[in-house]
Amino acid sequence: MLEKTFDPQAAEPRLYGQWEASGLFAPRQDTAAEAYSIVIPPPNVTGSLHIGHALNNTLQDILARYHRMKGKAVLWLPGTDHAGIATQMVVERELAKAGNQDRRSMGRDAFVDKVWEWKAESGGTIVRQLRRLGSSCDWSRERFTLDEGLSAAVRKVFVQLHRDGLIYRDKRLVNWDPHFQTAISDLEVEQREVDGHYWHFAYPLADGLTYEHPVAFDDDGNATEWETRDHIVVATTRPETMLGDTGVAVHPDDARYAGLVGKSVILPITGRRIPIVADDYADPTKGSGAVKITPAHDFNDFGVGKRAGLATLNVLDAFGRITAADTPDVPADYEGMDRFAARKAIVARAEEEGWLKAIEKTKHMVPHGDRSGVVIEPWLTDQWYVDAHTLAQPAIKAVEEGATVFEPRSYEKIYFEWLRNIEPWCISRQLWWGHRIPAWYGPDGQIFVAETEEEAQAQAGDLPLTQDEDVLDTWFSSALWPFSTMGWPDKTEDLERFYPTSDLVTAADIIFFWVARMMMMGLHFTGETPFARVIINGLVRDEKGQKMSKSKGNVIDPLTIIDDLGADPLRFTMAILSGTRDIKLSKQRIEGYRNFGTKLWNAARFSQMNEARRIEGFDPATVEQTINRWIRGELVKAERQVSAAIEGGRFDDAASALYRFIWNVFCDWYLELAKPVFQGSDEAAKAETRAMTAWMLDQTLKLLHPVMPFITEELWAELGKEGPARESLLIGADWPEFPDSFVDAEAEAEIGWLVDLVTEIRQLRGEMNVPPSAKPALTVVAPDAETTARIDRHRDLLATLARVSDIGAADAAPEGAVTLVSGGATVALSLAGIIDLDAERARLTKEIAAFDSDIAHFGKKLGNPNFVARAAAEVVEEQRAKLAEAEAGKARLQAALGRLAAVG
């Protein structure tokens with residue numbers, strides 16, 4: 001006999017150990033089996049399981065378990081990313097905490113050895129946590145982006161792209177982190193809103209030039225007054241960068257400055273002569289319409305500088321300090337000054353010398369390193385780049401032609417938008433942990449690119465060589481993940497069998513950084529798209545729709561949830577909520593789906609108590625009882641719905657179909673309908689229904705297993721202790737497939753009629769406030785022959801389920817009875833003497849008035865254009881839902897009041 005409750009804390013480790021020991025996580029060896037493959041988005045080796053991982057890996061596991069049960073050779077390939085900057089930061093912090101040398105004092109080789117030590121000791125945390133979620137990855141194939149095979153693939157790709165002219169070295173602007181002393185990717189830049197200022201500076205015109213500047217305008221915007229000026233005003237939030245200004249830009253159509261284009265200004269402090277240029281980047285409607293241009297320290301300015309042929313002068317060093325290396329006209333007292341100290345000094349000087357015209361407070365977005373927390377500088381430096389534009393063209397074409405599809409399809413627009421406007425990809429990082437760039441330099445700066453130092457030396461002859469100090473961007477090795485993990489460049493059996501992969505499940509925020517780059521690299525090096533379909537999962541937010549953050553205290557830790565409730569309720573919640581871009585999650589919701597598991601567990605206990613055991617050779621096609629023929633058809637419909645939803649990547653629809661079938665159909669109706677049979681005297685009906693119940697439980701466990709694997713595997717084992725021996729663990733069982741003939745239209749119509757009638761009567765009892773203990777008489781009004789026959793067949797069931805005392809027939813409804821129509825039959829519930837009709841009318845009238853008040857309140861809010869325009873979308877949607885709920889509640893009570901009116 002089953003225990004009273006399922007104990008996930010005890011069962012889950014035991015069950016996972018059984019799965020892993022069974023070897024079923026690995027693809028089946030049958031070469032005739034259709035292949036299904038999926039590669040895990042590799043989490044950082046430094047990471048711990050967060051709620052986004054829980055969502056993403058639950059969806060992948062559903063796919064893996066489903067296709068495994070469908071008989072396919074399933075490879076779900078796991079692994080972790082070396083996470084260059086994150087891992088280096090963790091280890092440096094550990095060294096500092098232990099009072100050891102910093103990495104520069106240790107030297108590169110000793111530091112890298114220390115990181116490998118850390119990885120061996122602490123780098124497996126997230127892999128262990130993925131097991132707790134139930135992830136059925138093939139751990140025997142686990143990869144790491146810095147393992148030997150992947151490192152060889154990275155070197156080969158770099159060298160080949162360099163030979164193809166698609167990797168090159170260039171001096172361009174990058175996101176520079178002065179704390180970590182490295183370029184970082186856009187994904188590692190966090191835009192933060194901060195309080196700041198616009199400082200308005202007057203740059204004097206060169207050569208004593210003046211012009212007439214408009215200062216007053218009529219209603220049509222025409223100038224009516226002018227003043228003579230010998231300067232042009234620019235505004236900046238970063239005064240320290242003015243030391244690197246090499247131009248001032250105005251819009252080509254800005255009449256105010258038309259006569260100044262081609263002239264020059266004298267840059268304060270330096271005395272540098274810089275030109276006034278025309279460029280569309282300058283916006284005549286913002287500020288003075290004139291913009292200072294610092295090509296070496298602003299991405300937009302870099303573009304203006306290129307178009308206008310302006311000089312590019314670096315005035316900051318790698319630590320964010322003022323340097324005069326490129327600008328000897330910068331006074332010596334600024335040399336070595338921190339950027340923010342220089343800002344204060346320049347503003348003070350501008351005020352003192354009179355060229356500070358105004359200070360304007362502002363809130364603006366400032367880029368910060370997501371790990372260092374310091375302000376990021378656009379910085380001009382020599383880096384390695386990939387010609388992403390050339391590689392992007394086949395990747396665009398592949399999605400346009402449907403070789404790879406996105407689910408939902410709307411994400412293809414984001415993919416196209418980025419790839420069609422792609423910039424060169426900076427792939428070098430000034431770190432020590434990562435794939436060291438396979439390039440060597442000769443004494444005069446000659447570059448030799450090769451897979452090994454020996455090959456580079458062969459190219460260089462007798463020249464002494466020094467390897468590039470930089471490592472590759474982590475996303476470079478991740479871009480090769482689908483094929484490098486399967487052994488490329490070698491022609492391995494895995495690569496032949498499982499590449500291209502079937503599905504990729506990932507988040508929208510890395511479509512640019514990872515998905516697009518995998519498409520580019522996969523197509524270039526294998527000639528095939530790396531995956532047939534990309535399923536984009538949503539972002540998990542809190543119950544109010546706010547982004548989770550530690551500072552807000554609204555983070556839901558999946559490991560805490562698993563400790564408290566088990567993995568299954570978390571997984572089911574992730575699945576059923578996965579259909580939206582923003583998933584609103586609360587612990588209460590997860591607890592609700594724990595109750596769903598409990599419902600199934602109790603159903604299994606109920607069936608055991610009623611001696612429902614698996615029977616050798618039982619054939620569900622031969623059942624005769626109406627309820628058994630009906631539930632068989634409902635199972636077929638549920639299987640079709642679940643299969644279609646999982647195949648289509650609609651995990652929410654799959655979970656919803658499972659919930660409806662298991663809770664509402666199997667537990668609430670079939671088992672209720674089976675009770676009188678179990679308790680009756682018809683031994684043949686009893687035996688059939690017991691066998692059918694046991695068979696139904698088996699099929700239900702199979703359907704639910706991909707979503708809730710632990711509780712289903714436990715029930716599979718426990719229920720398998722009676723009857724014929726199980727052939728395998730549930731994870732290795734075949735997915736159920738049923739013939740269309742299992743759907744019995746006659747049984748479906750009959751039980752459907754009974755279910756609808758009982759439901760209507762129960763709703764009526766609730767609306768009329770009938771006490772649960774009361775059993776009013778039920779009269780069928782003028783029934784036809786079919787209704788009479790159905791009533792006769794199900795009289796006892798109807799009386800029990802609807803809680804009525806007597807079921808009769810009459811030509812008209814008795815006095816004091818309330819009528820309803822269901823399935824073509826009119827029935828009357830005699831309530832006179834059971835409820836106070838006048839009191840019920842008063843109650844219903846009062847509750848309708850309360851709904852009227854709510855409807856007016858929500859309607860007023862939604863009728864206010866300002867509210868709809870300014871309120872957050874989720875708030876507006878919530879108000880609409882409340883309005884619809886109130887309107888539906890009012891309609892329901894009005895119908896009940898109408899029934900009472902008919903009573904008299």
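At 39% relative accessibility, E611 counts as partly exposed, a class that lies between buried (under 20% relative accessible area) and exposed (over 50%), as calculated with a 1.4 Å probe on protein chains only. The model is predicted, so that local features need pLDDT of at least 70 and side-chain atom pairs count only at pLDDT 80 or more, whereas totals for chains, interfaces and linings use all residues. Residues are numbered from 1 along each chain as its sequence is written, and side-chain values use heavy atoms, with hydrogens and water left out.

E611 forms a salt bridge with R690, in which the closest N and O atoms are 3.5 Å apart; a salt bridge is here a side-chain nitrogen of Lys or Arg within 4 Å of a carboxyl oxygen of Asp or Glu. Because E611 lies in the loop between α19 (587-609) and α20 (626-647), while R690 belongs to helix α22 (residues 683-704), the pair ties together parts that are 79 residues apart in sequence. Helices (H or I, at least four residues) and strands (E, at least two) are DSSP runs, numbered from the N terminus. The loop between α19 and α20 also holds R613, which is linked to E722 in the loop between α23 (709-719) and α24 (745-767), 109 residues apart. In this second salt bridge the closest N and O atoms of E722 and R613 are 3.0 Å apart. Both partners are partly exposed, E722 with a relative accessible area of 33% and R613 with one of 35%.

Over the whole structure, the search finds 59 salt bridges. Among them is the pair E92 and R103, whose side chains meet at 3.4 Å, N to O. This pair links helix α3 (residues 84-97), which contains E92, to helix α4 (residues 103-106), which contains R103, the two residues being 11 apart in sequence. The partners fall into separate classes of accessibility, since E92 is partly exposed at 25%, whereas R103 is buried at 5%. Elsewhere, E750, E786, R790 and R793 are linked in a network of salt bridges.

A disulfide is a covalent bond between the sulfur atoms of two cysteines. With a cut-off of 2.5 Å between a pair of cysteine sulfur atoms, the structure holds zero disulfides. Two cysteines count as buried by their accessibility, namely C137 at 0% and C667 at 8%.

Buried positions also occur within strands. T80 is found in strand β3 (residues 79-80) and counts as buried because its relative accessibility is 3%. When residues up to four places away in sequence are not counted, T80 touches P42, P43, V45, I126, V127, R143, F144, T145 and W481, where contact means heavy atoms within 4.5 Å. V540, in strand β26 (residues 539-542), is likewise buried, with a relative accessibility of 7%. Under the rule that leaves out residues up to four places away in sequence, the contacts of V540 are I51, L55, M548, I583 and L585. V540 and F525, although 15 residues apart in sequence, are 35 Å apart in space, C-alpha to C-alpha.

Helix α7 (residues 148-163) has 16 residues and reaches 23 Å from its first C-alpha to its last, close to the 22 Å expected at 1.5 Å a residue; the expected span is 1.5 Å times one less than the number of residues. In α7, the residues L150, S151, A153, V154, V157, F158, V159 and L161 are buried. The helix is followed by G165, whose phi is positive, near 75°.

An open sheet of four strands has the order β6-β5-β16-β18, with antiparallel pairing. Because β6 (182-184) and β18 (425-426) stand at the edges, each with a single partner strand, one side of each is left without a neighbour in the sheet. Strands pair if DSSP finds at least two bridges between them, and two bridges join β16 (residues 377-386) to β18. V386 stands opposite W425 in β18.

Most residues other than glycine have a negative phi, and most peptide bonds are trans. D207, in the loop between β7 (189-204) and β8 (211-217), is not a glycine but has a positive phi of about 65°, and D207 is exposed, with a relative accessible area of 65%. I269 also has a positive phi, of about 75°, but is buried at 13%. Cis peptide bonds join E407 to P408, with omega about -5°, and Y499 to P500, with omega near 0°.
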